[in-house]
Amino acid sequence: MSTTFYSNGKLFIAGEYLVLDGADAFALPTKFGQDLVIENSEDKQIEWKSYDYDKHLWFEETISFDEVIKGLDSQIDTVKSTLVNILHEAYILNPKFIDNATGYKVSTHLSFPKNWGLGTSSTLINNIAQWTEINAFTLLKNSFGGSGYDIACAQNNTPVLYRIKDNFVKQVEFNPDFKEHIYFVYLNKKQNSKSAIFSYNNHKNNHLADRVAENNKITNAILHAKTLKDFASAVQKHEIHLSKVLEMQTIKEAIFPDFNGVIKSLGAWGGDFVMVVAKENPKDYFFNKGYETILTYEEMIL
């Protein structure tokens, strides 16, 4: 007998970084995600296997119940230490899954390449929270940190508006007529969310309340845009606004200045996926620049 849990991946469309200081975040769950399969076993240990989208085994480890109970005092972040830390925090919140068990065989399966940045960690945390019957937002806060918008996507099959205060999640409608003009391009570069957040905290300044208010106004315009022109304009405003907050060039200025359309960073700036808004199919442009992973809205978004 096995039990399977599943969580959606995510794309952060608007409100990145400022979400940490109370701004509205607009995010979309993806058709890609990760599952977690649990089987009972023996020997007071967890035999763990993690598979990439192509069924390649990328992580395998045996973790004793003792390690879960005590946690690992590791100075170096490894896949094992990160996993044990998550399980240890889950144990603190609900010890029953260890105290009342004899052992487990656990396997995880991604439906997207793990370097895409669609939520390898957040889908894992949400799946572990489902398995251990605890609050996923609390588990995220106690283990990884971050705003929690990705947990909102993991748990919902519709677009969401999210606020960090009380982990407020609102399902919203976003199904624009112009979605065939929205594409997602992978930049072949994995971004570290933790280091991006650290950089943001060093750059934000005293105008935070104004910047959060401006973010919310633009995010609302993105969410409710009726035409492609309005949507593109609001997306561009968002990029310019955040570029001032972060004191960084936009991704279009930095890499794609000659592109005829709007390009927006999603989540941590400088890597993972960007959203492209263009009248003409931009695949040739990005192919010629060496970016071969280009998904339509229909292919990417749930």
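In the predicted model, the lining of the second largest pocket draws its largest share, three residues, from α9. Both α9 (228-246) and α11 (283-288) contribute at least two residues each to this lining. The volume of the second largest pocket is about 280 Å³. It is lined by 15 residues, of which N260, G261, V277, A278 and K279 are the closest to its centre. By residue class, the lining of the second largest pocket comprises eight nonpolar, three polar and four charged residues.

Helix α9 also packs on a sheet, described next. This open sheet consists of four strands in the order β9-β10-β8-β11, and the pairing is antiparallel. Strands β9 (262-265) and β11 (294-296) form the edges, each pairing on one side only. On average, neighbouring strands of the sheet are turned by 25 degrees against each other, direction ignored. Strand β8 (residues 182-186) is joined to β11 in the antiparallel sense over three bridges, and F184 stands opposite L295 in β11. Packed on this sheet, α9 touches β8, β9 and β10 (273-277); the direction of α9 makes about 45 degrees with that of β9.

The loop between α9 and α10 (251-255) contains T250. With a relative accessible area of 8%, T250 falls under the 20% limit and is therefore classed as buried. Leaving aside residues up to four places away in sequence, T250 touches E239, S243 and W269.

A further set of strand pairings involves β3. In a regular strand, side chains alternate between the two faces of the sheet. Strand β3 (residues 45-51) shows such alternation: I46, W48 and S50 point to one face and are buried, whereas Q45, E47, K49 and Y51 point to the other face and are not buried. Strand β3 pairs with β4 (residues 57-64) in the antiparallel sense over seven bridges, and the bridge partner of K49 in β4 is E60. Five residues lie between the strands of the β3 and β4 hairpin, in which K55 adopts a positive phi near 70 degrees. Strand β3 additionally pairs with β5 (residues 104-110), here in the parallel sense and over six bridges. In this pairing, W48 stands opposite V106 of β5. Thus W48, whose side chain is buried, faces a residue of β5, while K49, which is not buried, has its bridge partner in β4.

Conventions
Residues are numbered from 1 along each chain as its sequence is written. This is a predicted model: local features need pLDDT of at least 70, side-chain atom pairs count only at pLDDT 80 or more; totals for chains, interfaces and linings use all residues. Side-chain values use heavy atoms; hydrogens and water are left out. On a 1 Å grid over the protein atoms alone, a cavity is a set of points where a 1.4 Å probe fits but cannot get out, and a pocket is an open set with protein on both sides within 12 Å along at least five of seven lines; lining residues have an atom within 4 Å of a point. Grid points are joined across faces, edges and corners, and a volume is the space filled by probe spheres set on the points. Ala, Val, Leu, Ile, Met, Phe, Trp, Tyr, Cys and Pro count as nonpolar, Asp, Glu, Lys and Arg as charged, and the others, Gly among them, as polar. Buried means under 20% relative accessible area, exposed over 50%, partly exposed in between (1.4 Å probe, protein chains only). Contact means heavy atoms within 4.5 Å. Two strands pair if DSSP finds at least two bridges between them. Axes are lines fitted to C-alpha atoms, for helices over the stretch in contact, and angles run from 0 to 180 degrees between N-to-C directions.
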